Amino acid sequence: MNSQMEPVEQGVLGHLMALERGGMGQQDQHQSERLEMLKLRALSLRAKRDQLKQQTNAIKILKDKISKDLPLQDDDDAGGFIELQKSLLTAWKLQLKDLQRSHHLIGGYDLVECKEGKSVCVSFHTAFEGVYLDTYNMELDLTRTVQISRHNIPPSLPLESFAKQNLQKDLKAFLQTLSQNLNALAGRRQQVSLVKELAGSVEVMESNQLCNILVLMCTAQGETPRAVLCTLEYGDLTQCLPTRVSIESEDKSLSESPQWKKNQSLFLESPAHTALLTMRRMGSIA
Amino acid sequence: MEQKYEDEIQMLHQEIEMLEAEQEEVLRSIFIQHGDRLQEELKSVCEEKGGGGAHKHALSKLNTEIRELEKDLRRQTEINEIALNECFVKTLHKSERKLVQQLRLAGHCSVLLFQVEFAVTEIQEGDALLRRVTELNIVVDGVEFKDFSAFVSRVEDTKDLLLFFRTLRTFSERCEERRQTFQHFQRLQACETVGVLAEDDRISIHTDLVHVGTDVVSVVSFAEGVHSQGRNVIVL
């Protein structure tokens, strides 16, 4: 084939073939480099795995000794003794971290000192029905009087009013009040969100930033489906349940019926989405 | 050939994860069973000056970390008004994006003792961490009030762990106020001006003429006023 080509073509073809060979060579090179890397990685991981196995066994032996009330200190084995101490201290450190995490999980303020104690940062964790929701933060300046320097508390809450009440004389009461209000707000907001997810015939007509009013439209089941307007007013901002519920419908007999009187109570006693689910299950609404 | 190594690397990663988890569990179990005794041993360990340079450095580093953690815990205990005496953590599932743990906590809030067991699931979804309580069991000691028991049952059903502790704080404050008021009236009783009976959520004050029961706060201020005027009758 080559002998039939022009010298120029041979040259070009030859060049191309050389390039191809060179390219493949590079690939080969890459491949062998990669192989080396993998080999090394596997080696180091194997070493780490073996070290961990050894450590874990040593700790298990330690645990056994402690259980049997044997002396932990072994005079012949100074190095081993150091390892033992390290294990014990590591165990203690782990326990302390668990305690820290526990304070965090039960809704603690996670207080952190900043600027050499001149200020502190606190976190307000919120949750509703087991679901953790937003966390809000605040920095308090402690130099002369207690001052709020930074925060991301929703503006719909009367923060200045709370601060005026308690900030100087009772910091814990201030934190508790804020936590209560934030959690109640988060709870009410979550309920609106859950109601919207209910779909079906339930429609959220009105809500607001503070979530202290919720107007819902439902369709009552019956021979003719009728629209019912439920207004939930949350007069106590530290609570997730409404203080007043009114039921309105074009069909007066409906809103006065025992069934809907019961539904009114449901709204007062349980979270909105729970009440609606019950009503749907009982065939009261669509 | 490459594949063989890649497979081995993946397997080693998993083994290492498992070993680390196992090590954690054994360390935790050491503390569960022998925590108190070990703390004594550790105190002497921390003061020890023996050992080689590198080891000593590792030990002193651990020491410092432990001091810091203890200091932080004291801060949290103080500001949260919740003291945790026992803390058992069990990791049921741990992967890159999901963590399931069971926790058992015991402690007190002022004079109220509690034991709380709960399970928590954390799922990493992109930037957001979704966390929820999936089981909750609560036992409270030092409280005989029916209302509080009903509250605890409700909170267990709704898994509202945070609400429980918030309410426990408020409740323990009221219990403390009640106790102080009761003490105050016991002192008055010693002067034979009033008879005091503390029951459930009210304190009843008897005098020769009137039997009165009311809520804690108003009683204290009113009765103080009456007592200072030297009268024996409390009228409300």
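What follows is a short conversation about helix packing, the chain interface and a few backbone angles in a predicted model.

Reader: Why are α4(A) and α7(A) called roughly parallel?

Author: Happy to start there. The axes of α4 (residues 171-197) and α7 (residues 272-281) of chain A cross at roughly 30 degrees. Angles under 35 degrees count as roughly parallel, so α4(A) and α7(A) earn that description.

Reader: How do you know that α4(A) and α7(A) come together, and which residues make the contact?

Author: Their axes come within 8 Å. From α4(A), the contact is made by Gln191(A), Leu194(A) and Val195(A), and from α7(A) by Ala272(A), His273(A) and Leu276(A).

Reader: What is the make-up of that contact in nonpolar, polar and charged residues?

Author: The residues divide into four nonpolar and two polar, with no charged ones. Leu and Val count as nonpolar, and Leu194(A) and Val195(A) are among the residues of the contact.

Reader: How do you know that the span of α4(A) agrees with its number of residues?

Author: A nice check, this one. With 27 residues at 1.5 Å a residue, α4(A) should span 39 Å, and its end C-alpha atoms are 39 Å apart, which agrees. Just after α4(A), Ala199(A) takes a positive phi of about 50 degrees.

Reader: What makes Asp110(A) and Cys211(A) worth a look, and where are they?

Author: Each has a positive phi in a residue other than glycine: near 45 degrees for Asp110(A) and near 50 degrees for Cys211(A). Asp110(A) lies in the loop between α2 (78-105) and β1 (112-114) of chain A. Cys211(A) is in the loop between β5 (203-206) and β6 (213-220) of chain A.

Reader: Why is the pair Arg46(A) and Glu8(B) called a salt bridge?

Author: The test is a side-chain nitrogen of Lys or Arg within 4 Å of a carboxyl oxygen of Asp or Glu. Here the closest N and O atoms are 2.6 Å apart, so by that cut-off the pair is a salt bridge. The pair crosses between chains, from helix α1 (residues 7-67) of chain A to helix α1 (residues 2-47) of chain B. The count between chain B and chain A is 10 salt bridges, and the structure holds 25 over all chains.

Reader: What makes up the rest of the picture between chain B and chain A?

Author: Contacts join 73 residues of chain B to 69 residues of chain A. The two chains bury about 7200 Å² between them, 66% of it on carbon and sulfur atoms. Ile79(B), Arg131(B) and Leu162(B) supply 10% of the area that chain B buries against chain A, more than any other three residues.

How values were computed
Residues numbered from 1 in each chain as written. Chains lettered and ligands numbered in written order. Predicted model: local features only at pLDDT ≥ 70, side-chain atom pairs only at ≥ 80, totals over all residues. Heavy atoms only, no water. Axes fitted to C-alpha atoms, helices over the stretch in contact; angles between N-to-C directions. Helix = DSSP H or I, 4+ residues; strand = E, 2+ residues; numbered from the N terminus. Parallel < 35°, antiparallel > 145°, perpendicular 65-115°, else oblique. Contact = heavy atoms within 4.5 Å. Expected span 1.5 Å × (residues − 1). Buried area = accessible area lost by both parts, 1.4 Å probe.
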